[in-house]
Structures are given as C-alpha cells and as structure tokens.
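Trainee: I have the sequence and the model open, and I'd like to go through a few places with you. Could we start with the vocabulary and then look around?

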Amino acid sequence: MVVSSTRYIYRCSSDCEDAGAYAALNLLDSSMNWNYFAEGAICGEGADHVVVVASDVDNEAHLFEWNGSSWTVGANSLGITYPRRCWFDENGGLYVNGRGGLVYLDQGASTPVSVGNASDILYGGATVDGTTWVTGSYQFVAKGSGTSFTQLATTGASSLFWAAGGLRGDE
C-alpha cells in the first residue's frame, strides 16, 4: 500500500491498518537536494512496481518508483506541469498527464504524446481493452494507444471531464 501527503510518500507492506506500519519517504530532504510535493498521482502494477508522480517547486512532474525493495527517483522532469493522473496500459507502458499534455514512458524512454487540441490540463485517463482514453478541459476526449491518439468530437462546452475508466471498451 502506498499513500501520499504533501511532503511524504508512505509505504506499507503488512498490517496496513496500523498507521505505525507505514515507512515515510521525506520529499523535502536537503541532503538529497529534494524539494518535491506528492500532490500528483499514484499508480501501480503490483507490490513490486508502484509509481508516485510528484512536482518540484516549478510544478514540473517527476517520478518516484518503488521496485519492491527501494525507491528510485527520476532526475529529469517529464515535461508536463501539475500532474493529475498516471496509469499503466496492458503492455506495461506508463502514462502521466497534466498541464502540457500527456507523456508515455515505455522501457525507460519518455515520449511526449500529441493528443489533439487539448487547450488546458488533461485530468483523466485509463486504458480499457487495449484502448487508452484521455479527458480534460472543455469536454476534451481523445483515444488511442502508445503514442498515437485521435481527438474525438464533443460539444465543445466549457465542462471539465475529470476522469475516464470502465470495465470493458464497449460500455
């Protein structure tokens, strides 16, 4: 189990109903030259691969990855600010979205993804039955996979689409 607060990432491996069972990773650590905020997103593929997306003081997104025994920290920004969501596709590729669009990470490579005319922040995303859906401001919706996406026509109203998800692609 991994949870976050503004300046800490907490991880628990057993008896997670007891607050004392959580080990804290301090994101404000001068010895590591860290000044991060864990207000982004948490996603995982299991107990041995959990990702926390945190922001630096410029709101740039960075990855903290748990490999089952320790945390690793991505030194470089992902190229987006105000991260909102992360998720894995069925092939283990990782998506992170926020202001500035969508980033796809696969086998160590980080690729900015063009999703159409996203005019503000991308808020939601999910991969269902092999198709990845991305949502955002002004009723923005796009779908695709990997780094290839197509924006879908919507009414263009000023509503925000906060999330995407489902159990099957035909829902």
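Mentor: Let's begin with the word strand: strands here are DSSP runs of E with at least two residues, and they are numbered from the N terminus. With that in hand, we can say that Tyr82 lies in strand β10, and keep in mind throughout that this is a predicted model.

Trainee: Okay, Tyr82 then. What is its phi like?

Mentor: Tyr82 has a positive phi of about 45°, although this residue is not a glycine.

Trainee: And why does Tyr82 count as partly exposed?

Mentor: The relative accessibility of Tyr82 is 32%, and since partly exposed covers what falls between buried, under 20%, and exposed, over 50%, Tyr82 belongs to that middle class.

Trainee: What does β10 pair up with?

Mentor: Strand β10, residues 81-88, is joined by five bridges to strand β11, residues 94-99, and the two run antiparallel. Within this pair, Thr81 stands opposite Arg99 in β11. The hairpin of β10 and β11 has five residues between the strands, and there Gly92 takes a positive phi near 90°.

Trainee: Back to positive phi in something other than glycine. What about Asn33?

Mentor: Asn33 has a positive phi as well, near 60°, but its setting is a loop, the one between β4 (28-29) and β5 (34-35).

Trainee: Is Asn33 buried or exposed?

Mentor: Asn33 counts as exposed, because its relative accessibility is 69% and the cut-off for exposed is over 50%.

Trainee: Changing topic: how are the strands at the start of the chain arranged, say β1, β2 and β3?

Mentor: Those three strands form an open sheet, in the order β1-β2-β3, with antiparallel pairing. The edge strands are β1 (2-4) and β3 (23-26), each of which pairs on one side only. On average, neighbouring strands of this sheet are turned by 25° against each other, if direction is ignored.

Trainee: How many bridges join β2 to β3?

Mentor: Four bridges join β2, residues 8-11, to β3, and in this pairing Arg11 stands opposite Ala23.

Trainee: I also saw a pocket. What is the volume of the largest one?

Mentor: The largest pocket has a volume of about 340 Å³. Its lining counts 20 residues, and the closest to its centre are Leu63, Glu65, Leu94, Leu105 and Gly108. The elements giving two or more residues to that lining are β7 (49-55), β8 (61-66), β9 (71-73), β12 (101-106) and β13 (109-113).

Trainee: Which classes of residue make up that lining?

Mentor: Nine of the lining residues are nonpolar, nine are polar and two are charged.

Trainee: Last stop, further along the chain. Where does Thr135 lie, and what does it touch?

Mentor: Thr135 lies in strand β15, residues 131-136, and counts as buried because its relative accessible area is 5%. Leaving aside neighbours within four places in sequence, Thr135 has contacts that include Leu122, Tyr123, Phe140, Val141 and Trp162. Between the C-alpha atoms of Thr135 and Leu152, which are 17 residues apart along the chain, the separation is 10 Å.

Trainee: And Gly144, is that one buried or exposed?

Mentor: Gly144 is in strand β16, residues 140-145, and is buried, since its relative accessible area is 15% and buried means under 20%. Not counting residues up to four places away in sequence, Gly144 touches Gly130, Thr131, Thr132 and Phe149. The C-alpha atoms of Gly144 and Gly130, 14 residues apart along the chain, are separated by 8.7 Å.

Notes:
Residues numbered from 1 in each chain as written. Predicted model: local features only at pLDDT ≥ 70, side-chain atom pairs only at ≥ 80, totals over all residues. Heavy atoms only, no water. Pairing = 2+ DSSP bridges. Axes fitted to C-alpha atoms, helices over the stretch in contact; angles between N-to-C directions. 1 Å grid on protein atoms, 1.4 Å probe; cavity = no way out; pocket = protein on both sides within 12 Å on 5 of 7 lines; lining within 4 Å. Points joined across faces, edges and corners; volume = space filled by probe spheres on them. Nonpolar A, V, L, I, M, F, W, Y, C, P; charged D, E, K, R; others polar. Buried < 20%, exposed > 50% of the residue type's maximum accessible area, 1.4 Å probe, protein only. Contact = heavy atoms within 4.5 Å.
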